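Hi everyone, thanks for making time for this. I'd like to walk you through one structure, so please have a look at it before I start.

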Amino acid sequence: MINIWRKYKYHLLYLLLLFIVLIGIYIFLLYLAYKVPNDRIAAKLTDSFETIASEKKRWLVLTGFEASKLDTFTDDYIYKKMLNSQELPALKAAMWNEGYVRYWLGDIAILRPLLLFFSYKSIRYFNIFMIFGIFYGALDQIKQRFNLFYALIYAFTWSLVHFWIFPLSLQYTPVFVLANLGLIILLKYGPSSKNLSLFILYLFLIIGSLTNYFDLLSAPLLTYGLPAIVLLSWLARQESKHLYQLKVLVISGFAWLFGYGVTWLAKWSLGSYILKQNLFENALRQAEIRTGALTNSSETPWSYGEIVKQQLKILLPKEALLLLLILGLGLLILSLLYGIKLKKISRQWPLILLSSLPFIWTFLLQNHGQYHYYFTYRIFIIPILALYFAGLNSLNFRQNQLKKSTLL
């Protein structure tokens with residue numbers, strides 16, 4: 001134990017320093033956002049409220065498909081929060097979120113300064129270019145590291161959750177952006193890193209922390225699951241050993257969970273100190289509700305099986321099932337053209353293990369899954385992508401053997 005500490009103590013200190021720097025940046029950016037004078041953004045806020053008021057709080061972009069439902073209610077809350085109607089000092093305003101004190105609401109650090117120049121509808125418009133630009137970058141990296149078939153499957157998987165509506169929703173945007181930016185960085189720099197495990201440790205810790213900062217528990221698991229699937233697939237294509245993949249899975253999962261969870265604790269601790277309130281009490285009560293220990297509604301709680309069934313029903317209407325069948329037939333044709341190796345199939349079990357995460361997440365957050373099933377369903381693209389990538393990994397595609405990094 002002493003030898004392990006001596007060997008890795010500097011890495012642990014670097015991780016601690018990194019985390020402190022991240023939290024400092026989070027608070028500083030929110031502080032700066034609330035230093036923007038209210039009168040400078042009043043006109044753009046008024047225009048934004050008019051746009052939001054003209055829409056239903058929750059509405060279907062594509063009639064008949066509940067998976068395309070927007071949650072304008074949350075966007076409305078974010079903009080009302082930016083109004084700072086309590087006229088709190090900048091630092092307290094950054095920590096105080098009425099009804100949602102457990103969250104950071106990191107979007108505000110970006111959106112409030114943008115209100116100096118753009119209203120809600122303009123930000124939505126520019127968001128289109130950001131979303132599709134990042135998506136193209138992710139597809140391009142996947143095509144470079146794998147091949148066109150992987151990129152097509154990845155694009156199809158995101159299409160199942162109607163990513164094309166995300167530019168209209170400030171709530172849905174962060175998870176998409178972080179998942180794809182994380183994937184781009186992973187594929188661009190990971191394969192050439194001298195120590196892959198350290199690279200993964202730092203990257204996934206940052207992704208997890210940023211997810212907590214920006215996301216309001218919409219579908220945070222995607223920021224871990226999708227980059228991790230691509231990472232394990234790359235290792236499988238490089239014919240890495242099972243234990244090697246398992247170590248990578250454990251390291252990435254621990255790093256993401258640490259970044260996600262401890263960032264929450266930092267918000268509650270610092271928020272309690274700055275606001276002179278016990279944010280932990282509110283957070284723990286909400287945790288009891290979201291895990292199903294308490295209920296905040298007179299509605300009958302669903303069973304775990306009912307929640308998963310409802311989410312899969314939204315994700316996979318008959319049209320989606322038809323497309324999945326066509327893709328399955330395409331995969332079968334590819335297997336006839338390129339051939340399959342049983343040895344390669346045996347290397348896919350870490351991906352299968354990863355595909356169970358949405359089921360575990362939903363089991364732990366049953367109440368949240370019931371009341372917000374119209375956006376929490378998105379995490380179930382993880383097993384779909386994992387299974388199709390596992391199929392592609394088993395084929396005899398030609399691929400350049402890149403230099404393998406060393407694990408800790």
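**Pocket, cavities and a helix pair**

Let's begin with what the largest pocket is made of: its lining residues divide into 21 nonpolar, 4 polar and 2 charged. Do keep in mind throughout that this is a predicted model.

How big is that pocket? The volume of the largest pocket is about 720 Å³. There are 27 residues lining it, and those closest to its centre are Leu257, Tyr260, Trp361, Leu364 and Leu365. If you want to find the pocket by its helices, look for α11 (242-275), α12 (279-290), α16 (349-354) and α17 (357-364), the elements that give two or more residues to the lining. Of these, α11 gives the most, with 8 residues.

Now for the enclosed spaces. How many cavities of 30 Å³ or more does a search of the whole structure find? The search turns up 3.

The largest cavity holds about 80 Å³ of space. Its lining includes Leu217, Ser218, Ala219 and Pro220, along with Gln311. Further along the chain, Trp361, Thr362, Leu365, His368, Gly369, Thr376 and Ile379 are also in that lining. You may recognise Trp361 and Leu365, since both were named among the residues closest to the centre of the largest pocket. As for helices, α17 and α18 (366-371) each supply at least two residues of the lining of the largest cavity. By class, that lining has 6 nonpolar and 6 polar residues, and no charged ones.

Next comes the second largest cavity, with a volume of about 50 Å³. Its walls are formed by Trp158, Phe166, Tyr172, Val175, Phe176, Ser218, Ala219, Leu222 and Arg378. Ser218 and Ala219 also belong to the lining of the largest cavity. In the second largest cavity, the lining comprises 7 nonpolar, 1 polar and 1 charged residues.

Finally, let me take you to a pair of helices. The axes of α3 (residues 72-83) and α6 (residues 120-145) come within 13 Å and cross at roughly 120°. α3 and α6 are therefore oblique to each other. The crossing of these two helices, α3 and α6, is right-handed. Which residues make the contact? On the α3 side they are Thr72, Asp75 and Tyr79, and on the α6 side Tyr120, Ile123 and Arg124. Sorted by class, the residues of this contact between α3 and α6 come out as 3 nonpolar, 1 polar and 2 charged.

That's my tour, and I'm happy to take questions.

Technical notes: Residues are numbered from 1 along each chain as its sequence is written. This is a predicted model: local features need pLDDT of at least 70, side-chain atom pairs count only at pLDDT 80 or more; totals for chains, interfaces and linings use all residues. Side-chain values use heavy atoms; hydrogens and water are left out. Axes are lines fitted to C-alpha atoms, for helices over the stretch in contact, and angles run from 0 to 180 degrees between N-to-C directions. Helices (H or I, at least four residues) and strands (E, at least two) are DSSP runs, numbered from the N terminus. Angles under 35 degrees count as roughly parallel, over 145 as roughly antiparallel, 65 to 115 as roughly perpendicular and the rest as oblique. A crossing is left-handed if the near helix is turned anticlockwise from the far one by less than a right angle, and right-handed if clockwise. Contact means heavy atoms within 4.5 Å. Ala, Val, Leu, Ile, Met, Phe, Trp, Tyr, Cys and Pro count as nonpolar, Asp, Glu, Lys and Arg as charged, and the others, Gly among them, as polar. On a 1 Å grid over the protein atoms alone, a cavity is a set of points where a 1.4 Å probe fits but cannot get out, and a pocket is an open set with protein on both sides within 12 Å along at least five of seven lines; lining residues have an atom within 4 Å of a point. Grid points are joined across faces, edges and corners, and a volume is the space filled by probe spheres set on the points.
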